[in-house]
Amino acid sequence: MIKKTLPYIFLFLITFFILSPIFSPGFLTKSDNPVHLAEITYLANNVVKQHHWFNGWYPYEYAGIPIQMYYYQVGPLLVVSLILLGINNILAYKIALVISLFLPASAIFYLLKKHFNQIIAGVVALAFLFQRDVGKLLLAGMWANLIAFAIFIVIFAKLTDYKFIIAKKRAIVLGLLSALLILAHPFFLVVIIYTFLIAFFISL
């Protein structure tokens, strides 16, 4: 068990090392980050704590909008969960960024080690972590995309496990993962539809 988890621990440590500069004092100011942080903080401290619900009205944009109307849900709810555990909102947001980069790297490793060896899987996962454009995307506040990407890779790994044959029980697992994927990033709905169509034709 420990031997199986060691590669993921290593990937997490590398992820933390790459993003360690963001843990300097203060909040992230680049691009969308301040807006995300403000809305997530309001969601945690006002909507969830006071009304015990995860949706509500956000009065500080436009003339007021439904909270999280223009953002994807899983990432912000992850930060809210950390805040509710007692973690400072700025630190919780930064931890979520680390998790959002770690998840797709670990998902890539999980998928590739099934079809190749751990060395190849590890090299590709590390290459993903050190992609400059991925880092730019994350630091610009678009880190929810990475969580959705990780979920998609897990779905694809399940499809390969099933040899692209989707029986009833398998459909339930894939359906739940797909629902989580859409909650993480609705634009991935197009990707998952094409993936399932390809799987269907392969299984014929």
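Q: How many helices and strands make up the secondary structure of the protein?
A: The model is a predicted one. From the N terminus, its elements run α-α-β-β-α-α-α-α-α-α-α. The secondary structure comes to 9 helices and 2 strands.

Q: What radius of gyration does the protein have, and how does it compare with that of a compact globule?
A: Along its principal axes, the C-alpha trace spans about 50 × 35 × 30 Å. For 204 residues, a compact globule would have a radius of gyration near 17 Å. The value for the protein agrees with this, at 18 Å.

Q: What share of the contacts with a separation of 6 or more joins residues 24 or more positions apart?
A: One such distant pair in sequence is Ser 100 and Trp 143, which are in contact. Pairs that are 24 or more positions apart are counted against the contacts with a separation of 6 or more. Their share is 67%.

Q: What part of the exposed area do carbon and sulfur atoms supply?
A: Buried residues make up 41% of the 204 residues. The protein exposes about 11,700 Å². Of this area, carbon and sulfur atoms supply 72%.

Q: How far apart are the mean positions of the positive and negative charges?
A: The protein has 14 positive and 5 negative charges. Taking the mean position of each set, the separation is 18 Å.

Q: Which helix gives the most residues to the largest nonpolar core?
A: This core has 59 residues, and Val 79, Tyr 93, Leu 101, Trp 143, Ile 155 and Leu 181 touch the most other members. The largest contribution, 13 residues, comes from the helix that covers residues 89–115. That is helix H4.

Q: Which residues of helix H4 does Trp 143 contact, going by residues 89–115?
A: Leaving aside neighbours within four places in sequence, Trp 143 is in contact with Asn 33, His 36, Ile 40, Gly 75, Pro 76, Val 79, Leu 137 and Leu 138, among others. Helix H4 covers residues 89–115. The contacts of Trp 143 that fall in this range are Tyr 93, Ala 96, Leu 97 and Ser 100.

Q: Which helices do the buried residues of H3 pack against?
A: Helix H3 covers residues 74–84, and its buried residues are Val 74, Gly 75, Pro 76, Val 79, Val 80, Leu 82 and Ile 83. Just after H3, Gly 86 takes a positive phi of about 105°. The buried residues of H3 pack against H2, H4, H7 and H8.

Q: Is Val 48 buried or exposed?
A: Val 48 lies in helix H2. Not counting residues up to four places away in sequence, Val 48 touches Leu 43, Trp 53, Phe 54, Val 80 and Leu 84. With Val 80 the C-alpha distance is 8.5 Å, across 32 residues of sequence. The relative accessible area of Val 48 is 16%, so this residue is buried.

Q: How far apart in space are Thr 41 and Asn 89, C-alpha to C-alpha?
A: Thr 41 is found in helix H2 and counts as buried at 16% relative accessibility. Leaving aside neighbours within four places, Thr 41 is in contact with Asn 46 and Asn 89. Thr 41 and Asn 89 are 48 residues apart in sequence, and in space the separation is 6.5 Å.

Q: What is the relative accessible area of Ser 100?
A: Ser 100 is found in helix H4. Beyond its neighbours within four places in sequence, Ser 100 is in contact with Leu 138, Trp 143, Leu 146 and Ile 147. Ser 100 is buried, with a relative accessible area of 0%.

Q: Which residues does Ser 106 contact, leaving aside its neighbours within four places in sequence?
A: Ser 106 is found in helix H4. At 8% relative accessibility, Ser 106 counts as buried. Its contacts are Tyr 8 and Leu 11.

Q: Why does Ser 24 count as partly exposed?
A: The place of Ser 24 is in the loop between helix H1 and H2. The C-alpha atoms of Ser 24 and Leu 91 are separated by 9.9 Å. Partly exposed covers values between the 20% and 50% limits. Ser 24 counts as partly exposed because its relative accessibility is 39%.

Q: What distance separates the C-alpha atoms of Gln 131 and Pro 59?
A: Gln 131 lies in the loop between helix H5 and helix H6. Gln 131 is partly exposed, with a relative accessible area of 43%. Gln 131 and Pro 59 are 72 residues apart along the chain, and their C-alpha atoms are separated by 37 Å.

Terms used:
Residues are numbered from 1 along each chain as its sequence is written. This is a predicted model: local features need pLDDT of at least 70, side-chain atom pairs count only at pLDDT 80 or more; totals for chains, interfaces and linings use all residues. Side-chain values use heavy atoms; hydrogens and water are left out. Helices (H or I, at least four residues) and strands (E, at least two) are DSSP runs, numbered from the N terminus. The radius of gyration is taken over C-alpha atoms; the globule rule is 2.2 Å times the number of residues to the power 0.38. Buried means under 20% relative accessible area, exposed over 50%, partly exposed in between (1.4 Å probe, protein chains only). Contact means heavy atoms within 4.5 Å. Accessible areas come from the Shrake-Rupley method with a 1.4 Å probe; for residues, only the protein chains shown count as cover. Lys and Arg count as positive and Asp and Glu as negative; His and the chain ends are not counted. The place of a charge is taken as NZ of Lys, CZ of Arg, CG of Asp or CD of Glu. A nonpolar core is a set of buried Ala, Val, Leu, Ile, Met, Phe, Trp, Tyr and Cys residues joined through side-chain atoms within 4.5 Å.
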